[in-house]
Amino acid sequence: MEDVQSHAPQVALNIDRVGVRDLHLPLLVRDRSRGSQQTVAKVDLGVDLPSSFKGTHMSRFVEALEAWNDEISYRSVRRLLLTIKERLGARRAFACFSFPYFIAKKAPVSGSPATVAYACRLTGELDDSGQSFLLEADVPVMTVCPCSKAISREGAHSQRAMVRMRLRMKAFSWLEDFIDIAEASASSAVYTLLKREDEKFVTENAFAHPTFVEDVVRNVAQRLLEHGQVERFSVEVESMESIHNHNAFARIERDLTVAPARNAEEARPEV
């Protein structure tokens, strides 16, 4: 049958990325406490396309993914990217896995267990110069406003906030490491199940540790700088303000492969 995709296009321009989105498949992810866990991932796959080809072969992405269907890791994703690169005759291949990561979390006083889901993404890219990995995790936390606490006779406004981390690493690290970092950097972690004694503890503990979004983002960044396996990071904290008709946010980005002076003054890594 005629291969229309291999024809020359009317407009001869290179395409940076073309592929398929929103594929869904069951996925095994490494789990610090249980070894691995089953989740469901939304997968995007793509390649570059030279100006000499009218289109790419979309079915080959699906075939490559179906033949792969492995536990997600540096080596397994590299195998998938190599397969896509070879099957599509591309110079660059791309894969992004978006999935909920589940942690069974005990309430702080009663010990009542319940599952918390964290939105995570792993993106891999492969070209002739090598492979890069980007890990992303969104971690919900609680903040209590230090200003509100200082000026009020009773109480202070508190709210949920989201810590969003984008990380390039030198070696494997557990997702739980970064979730722990985010939760330790705010006024409190958040929980799925709390009994009355737990609510009392969480409220009092959070009010004893008030934090601005600026405090939280600095706390996270400092812990990432000390982590040892992180090469580049972007961390943003967004507070869903409870008494304001807007959200507040703060962001820090660092590239640990460049000189500190450049980081402070000019570096804005795209991670």
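Q: What makes up the lining of the second largest pocket, by class?
A: In this predicted model, the lining of the second largest pocket has 7 charged, 5 nonpolar and 1 polar residues.

Q: How much space lies in the second largest pocket, and which residues are the closest to its centre?
A: The second largest pocket holds about 190 Å³ of space. Its lining consists of 13 residues, and those closest to its centre are R32, S33, I103, A104 and E176. The elements that give two or more residues to this lining are β3 (93-106) and α4 (175-184).

Q: Why is the second largest pocket said to lie where it does with respect to domain 1 (7-106) and domain 2 (137-258)?
A: Both domain 1 (7-106) and domain 2 (137-258) give residues to the lining of the second largest pocket, so this pocket lies between them.

Q: How much space lies in the largest pocket?
A: The largest pocket holds about 640 Å³ of space. It is lined by 23 residues, of which Y74, L122, F133, M169 and F172 are the closest to its centre. Two or more lining residues come from each of β1 (15-31), α2 (74-88), β5 (130-144), β6 (158-169) and β8 (230-239).

Q: Which element gives the most to the lining of the largest pocket, and what is that lining by class?
A: With 4 residues, β5 gives the most to the lining of the largest pocket. Sorted by class, this lining has 12 nonpolar, 6 charged and 5 polar residues.

Q: What makes it possible to place the largest pocket with respect to domain 1 (7-106) and domain 2 (137-258)?
A: The largest pocket lies between domain 1 (7-106) and domain 2 (137-258), because both of them give residues to its lining.

Technical notes. Residues are numbered from 1 along each chain as its sequence is written. This is a predicted model: local features need pLDDT of at least 70, side-chain atom pairs count only at pLDDT 80 or more; totals for chains, interfaces and linings use all residues. Side-chain values use heavy atoms; hydrogens and water are left out. On a 1 Å grid over the protein atoms alone, a cavity is a set of points where a 1.4 Å probe fits but cannot get out, and a pocket is an open set with protein on both sides within 12 Å along at least five of seven lines; lining residues have an atom within 4 Å of a point. Grid points are joined across faces, edges and corners, and a volume is the space filled by probe spheres set on the points. Ala, Val, Leu, Ile, Met, Phe, Trp, Tyr, Cys and Pro count as nonpolar, Asp, Glu, Lys and Arg as charged, and the others, Gly among them, as polar. Domain bounds come from an automatic or database domain assignment.
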